[in-house]
Every structure is written in C-alpha cells, then in structure tokens.
There are 2 protein chains.
Amino acid sequence: MFMKQKVTIEDVARAAGVSKQTVSRAINDKGDISPKTRERILALVKEMGYRPNRMAQAMNTSRSHMIGLVVPDITNPFFPEIVRAVQDAAMENGYTTLICNTENSSEIEVLNDLVTHGIDGLITFTHRADDAAVSEFADRFGPMLIINREFDHQNVTTLMVDNIGGACLAVEHLVGLGHETIGMLSTDLATLSQTRRVQGYKEGLSGAEIQFDDSLLVQADPTLAGGLIAAKELLTRRPDVTAIFAYNDLMGVGAIRACRDLGLQVPEDISIIGFDGIQIASMISPALSSVHVDKYEMGRKAFERVYNLIQHPEGSRDMIGMKPKVIQRESTGPRTKA
Amino acid sequence: MFMKQKVTIEDVARAAGVSKQTVSRAINDKGDISPKTRERILALVKEMGYRPNRMAQAMNTSRSHMIGLVVPDITNPFFPEIVRAVQDAAMENGYTTLICNTENSSEIEVLNDLVTHGIDGLITFTHRADDAAVSEFADRFGPMLIINREFDHQNVTTLMVDNIGGACLAVEHLVGLGHETIGMLSTDLATLSQTRRVQGYKEGLSGAEIQFDDSLLVQADPTLAGGLIAAKELLTRRPDVTAIFAYNDLMGVGAIRACRDLGLQVPEDISIIGFDGIQIASMISPALSSVHVDKYEMGRKAFERVYNLIQHPEGSRDMIGMKPKVIQRESTGPRTKA
DNA sequence: CTGAAAGCGCTAACAT
DNA sequence: ATGTTAGCGCTTTCAG
C-alpha cells in the first residue's frame, strides 16, 4: 500500500487538538500564537517526526526552496568545485540544489524542465543555446544567473571570469620566461570562454610584439583526451614551439602527457600553462602552472546573487566580474632551446 | 508583481473551451478523449507554452519525477562519473536529480530534507550515519538504494563493489611483480569500503604468505593531500617498502607525488596502485595502475534499480554486486630493490 | 490568539 | 467522450 504521506499537518493538528492553521503558525514561527501552544505543538512535531511537505508549501508560497544548477559536464573537475560551493551556500540558506548536465541534451529543454519542478532560482553555464532562446527564457524566468556568457539584453544577470585578461596573463607569463613561439590548445566549442581566451592569447602575443600564426592554434575537445591529441598535433606541426597555453587544465594535463609520449621534457623542452586551477593539476608531476580561478568563491557568489534575485525579483540585472591570476608551478620555466 | 504561474491548465482549458480534466487527459495521453479535441488541445498547449506544474502533479500522483542522489564529496572525481551516469539514466526516464553533498552535514538530515521535497527514490553513499538511523529511515522511505554499505536488516537494497576482492587483486598484482614489502595507504573514515579494502589487503598478504605488520598501514584523508602525507609517513617509517596500495586513486596520485618529492622513481623504486580507476589518473605520468570500478555502469545500475523500486514499492530488497578489476598502467612494475 | 473557508495546480473518481 | 466534484498538504485570507 502506497501512502501519500506519513504524517501531515492535519495529524499534528488533531493530536494537539488545534486547527491546521495553528500548527502552521507554530512551525513557521509566524503570526500570533501563544508561547504555550506553540511549544506544545513543536514538541508534538518533533515527537511525531512531522516535516512539512515542501511541495504543498511551495504551491501556496511560490517558494520551493530549490535552485537549479546547470553545468555542461560534471566530470570536468572544474565544475564539481563550483557545485560544491553552490551546494554549501544553498544549504546554509535552506536551499536544495537540482543539478543537471547538459552535454547530451537541449539546454533550453533542461532549463524549462527545471522550471516545471518549481525551482526558485537558477544558475547556469549555458553556452550552446542561442541568444534569442536564452533571452526569451530569461524574460519568463526571472531569478537566474548565467555564467561566462555575454548578453546585450539587459534582462539577465551574469557572472564572468575575465577570460581575455587571464589568457593575456598566461602569455605574458610565458613571454616573461623568454618564450617567443607559443602555441595554444583551444576547443572547438564556440563558447564565450573559448573565444575570449583565444582573443586574450592573441592580444598577449601582440602585446609582446610576437606575430600570431594560424598554425600555432589547434582545436580539440576541452578534455584530457582532447589535450593529448591537440598537443601532439601542434608539436608535430610546429616543432619549434617552446611553450603552450591550454584552454583549460584538463587539456594542459593531456598536453603534459603528450610531451612525455613524444620524449619531451616539461618544462625543460616545453613549458605548459593551463586555465582554471583545478586541484589535481597541482599534484601531478610536473605540477601544472595555471591561470587560476577561485571556483569556490565563484560558486558562493553565484548563489548569493541568485538568492538575492529570489528575494527581490524586480531588482536590476548586473554583471559580476572575477579576475583570475597566474599560479606558477612546475610546468613552466625559462626557455632553453635556441 | 510576482505571478504564481505563467499559464495553467485552467488557461488552456478556457482557451480550448473544455474542462481542465479534458486538458489533463490530452497531455497525459490517457482515458477516453476524441482524437480531434486532443490534437486541438495539444496544439494550444504548444502555442501557449504550457507546461504542467510538476509539484501540483506530484501532489495527486505521488510522483514528483525527482530522485535524490547523495554523495560524500562531489569534488572527488570518483563521484562525478557516477553522478553523470545516474543523470543520464534519469533523464532518459523523465527524471531529474537532486544532488547533495554530505561531507559537512548530518547525512540523515540531508536524506530527510530530500524526502520533504518529494523525491520518488533515493541513491545514497551514506557511510557515517549509524545503522539504526539508516535502517529507521529506510523503513519510512522505501525506494532507496544504498551504495557500499552493508546491512543485516533486509529492508534496504544495496549495491556493493567487491572491495575485499578488489584489494586482494591489487596485492596479488604487486606480489606477482615480485614485491614482498607492501604498504597500504588507508583512510581514517570508518566506512565499509575502508574496512573491506584493508581486509582485502591483509587477505592478499596472507594469501601470499607475507606477514602483515601495523607499521605498513598508514591512515589519512582519502584525498590528494591525504595521500601525499600518508605516503611520506609510510616511506619514512618503512624505507624498505617497494610497493604501495592506496585506498583510492586520489591517494595514489598523492603518493606518486610524495615519491617524487622524496626523490624516488615510480615504478623503478616504488610501485603504486590505487582503487577506483578515475579518468585523470590514467593521464598523469606515470599513469596510475588501479583497481578499476566501472562507475558509469554503477550509476546506471543504481538508477535502474531505484526506478524499479519506484514502480514496485513492494518488491523485495536485494544486493547488487560489482567486481572491480586491476588495470596495470605505468606506476607498477617489477621489484628492483634487493 | 485561534479557527473556518478558500484555493495553489493538478488528477482520481465518479458522474453524465 | 466529456464535465463535475473532491482532494493532495499546505498557507492565505478573513472571522471571530
């Protein structure tokens, strides 16, 4: 026999000899209620193991206490750190997190589905869906924060890592070590992060008065395997490169592996720097230098902003910026090759 | 002005000139309804962008189409692969996943909270909460699967990796390479996985007629940092060890790093094998040998089983077993030291 | 301070 | 084949 719910507010009310309403007042610490009855009810609540049904609550209050979190690929270690931070912040505020992966599905579909579940707010890394669709969605669903995507439309709050600046820093770091022939491993996914990091890379080069050449840029999946393939491709095509800037740490780790497979020493023969600053990249040998993003702070900021939007749906939209910084570890060093 | 919901079944009904019930029948493809009206309604649904409110649906049907997934630490790469699999399977079946991290909270509290949100089923790695609490919870909430935890109580379905067998295989692998002084890096968390892997390690040793000694077992956090610390401790305490079995890959990667810091070559001086088979461990240098668990399959199986329990709440409880297997990569090799 | 009535959006069970 | 009534569990009125 399937029961609808163990113990309901009705049960508690009956047990306490009061109306449902009074119980409601007691548990929500609201309205006028005598301390005595409140305590009596609360004791009963505990004793009976009563917990209000959030869905029923949500139907009245329009607050489900759930937020949605949409990431492209949870298996990329960059995301779990953010997820973790969002989760922590959410829990502190009585919120639960609905997480979705979008790699294999329509992003907008996922967002709409999340809405049907009654989420109060949304944090999303939505890069594939086109602007119009996202914008239309944002008009319908207010309290959302979109990460690493840019909009002309002023109806959506964004959080952006300074990708151009970060990529620039990476190149400057390499140039500072004497490198002049610097390749980049990028991804074929046309995301803002991608465009911007490539742009920053080029700006970095021209800032150092180095000529960019198409053969220095190789594209592949933004994964370990992608980094491996792309690095091999680059090093075959341009054996003269002495330094590589990888789109993300995963590709950077793949690139280190590629060098090893090709019999090249890192950083003696080739310097490699990644982007993101994922934990594990700092523990491998050689430890990967990286343009570090504070993911925990990013997650917390994201939640805070959305939480704020939930409380003040009519508040204005804005853009939060985050500056990454270079952390040098072992994979980058002075140029030694002529 | 905050609206309860954009467009409701009522709106569609009005627009179609029928009752709510008819619309309900149309969208759920249920009961008797003339093809004509159905199509007319469905067209309207699409046009108006109507999506049923899942919470309202759930209140009637006791089906929220959400499942809960509880993991100890999403930043351990072992879990995202499982999360990914669960997510994929869930989505294929119209389910959305509520994910929680428990590292910093009371596990039972998290589970209870998930229930208030109306989840239909639950997959959890709950190891800290005591048996009585979990068992009591399982009695109240039927459709749950608990991973890597053992129960005498027959009220809960479990999925277990053969930790003893896996650890045994690891030791046998090392013994097969000629190692006789084999240390283990374990965790201080008293989980079933921990107990079992230590047990398997000891069984492996005695199977090879090697004497176990307390000094060969070091405990620390099951993380990169923990592995680093534990390995240094072990190698200082017992400079004669030629092989290490790490509780998980994270610790294994930390151990490789420790060896490097201590000037030891892997696998020439020390062989290291981990457990889990996380992706990134296969891409570092040297690539980590590991007792590999098929995490994607694990996630899918877990969802399938829970899905089944949701459909048949009165079905019997059982235990699903999974056999891990050794994958040799570069971090283990023949003993060279005398 | 407390209770009764109404309703959130939907579906189950019974009408017709 | 369609509509009506009732109710899921809760909170928001509005009465007292």
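Which of the 30 residues around DNA strand D come nearest? They are Ile9(A), Gln21(A), Tyr50(A), Thr22(B) and Asn60(B). The model is predicted. Both protein chains appear in that list, with Ile9, Gln21 and Tyr50 from chain A and Thr22 and Asn60 from chain B.

The contact with DNA strand D involves backbone and bases of the nucleic acid. Of the strand D atoms within 4 Å of the protein, 58% are sugar or phosphate atoms. The rest are base atoms. Individual polar contacts illustrate each kind. In the side chain of Thr22(B), an N or O atom sits 2.6 Å from a phosphate oxygen of DNA strand D. Ser34(B) uses its backbone instead: an N or O atom there is 2.8 Å from a phosphate oxygen of DNA strand D. Arg25(B) addresses a base, with a polar side-chain atom 2.8 Å from a base nitrogen of DNA strand D. Four elements give two or more residues to this surface: helix 2 (20-28) and helix 4 (54-61) of chain A, and helix 2 (20-28) and helix 4 (54-61) of chain B. Helix 4 of chain A has the largest share, 5 residues. The surface near DNA strand D divides by class into 16 polar, 8 nonpolar and 6 charged residues.

DNA strand C is considered next. Around it lie 28 residues. Thr22(A), Asn60(A), Ile9(B), Gln21(B) and Tyr50(B) come nearest. Sugar or phosphate accounts for 58% of the strand C atoms within 4 Å of the protein, and bases for the rest. Thr22(A) places a polar side-chain atom 2.4 Å from a phosphate oxygen of DNA strand C. Asn60(A) reaches a base: a polar atom of its side chain is 2.4 Å from a base nitrogen of DNA strand C. From chain B, a polar backbone atom of Asn53(B) is 3.0 Å from a phosphate oxygen of DNA strand C. Helix 2 and helix 4 of chain A, along with helix 2 and helix 4 of chain B, each supply at least two residues of the surface near this strand. Helix 4 of chain B gives the most, with 5 residues. By class, the surface near DNA strand C has 15 polar, 8 nonpolar and 5 charged residues.

The two protein chains also contact each other. Chain A contributes 65 residues and chain B contributes 65 residues. About 5,600 Å² is buried between chain A and chain B. Carbon and sulfur atoms give 61% of that area. On the chain A side, Met55(A), Arg84(A) and Met283(A) lose the most area to chain B. Together they make up 13% of what that side buries.

Polar and charged interactions cross this interface. There are 12 salt bridges between chain A and chain B. One of them joins the side chains of Arg54(A) and Asp113(B), at 3.0 Å from N to O. The count of residue pairs in polar contact between the chains, both at pLDDT 80 or more, is 22. Helix 4, helix 5 (78-92), strand 2 (96-101), helix 6 (107-116), helix 10 (224-237) and helix 11 (249-261) of chain A each give two or more residues to the side that touches chain B. That side comprises 28 nonpolar, 20 polar and 17 charged residues. Helix 4 of chain A thus appears at the chain B contact and at the surface near DNA strand D.

Aromatic pairing was examined over all chains. The count comes to 16 aromatic pairs. Among them, Phe79(A) and Phe125(A) are edge-to-face, with 4.9 Å centre to centre and 90° between the planes. This pair links distant parts of the chain, 46 residues apart. Phe79(A) belongs to helix 5 of chain A. Phe125(A) lies in the loop between strand 3 (121-124) and helix 7 (131-140) of chain A.

Some backbone features remain. The peptide bond between Ser285(A) and Pro286(A) is cis, with omega about -10°. Pro286(A) is in the loop between strand 9 (271-276) and strand 10 (289-292) of chain A. In chain B, a cis peptide bond runs from Ser285(B) to Pro286(B), with omega near -10°. Pro286(B) is placed in the loop between strand 9 (271-276) and strand 10 (289-292) of chain B. Ser62(A) is not a glycine, yet has a positive phi of about 60°. Ser62(A) falls in the loop between helix 4 and strand 1 (66-71) of chain A.

Technical notes: Residues numbered from 1 in each chain as written. Chains lettered and ligands numbered in written order. Predicted model: local features only at pLDDT ≥ 70, side-chain atom pairs only at ≥ 80, totals over all residues. Heavy atoms only, no water. Near = heavy atom within 4 Å. Polar contact = N/O pair within 3.5 Å; in protein donor to acceptor, adjacent residues only side chain to side chain. Nonpolar A, V, L, I, M, F, W, Y, C, P; charged D, E, K, R; others polar. Contact = heavy atoms within 4.5 Å. Buried area = accessible area lost by both parts, 1.4 Å probe. Salt bridge = Lys/Arg side-chain N within 4 Å of Asp/Glu carboxyl O. Phe/Tyr/Trp six-rings, centres within 6.5 Å; stacked < 30°, edge-to-face > 60°.
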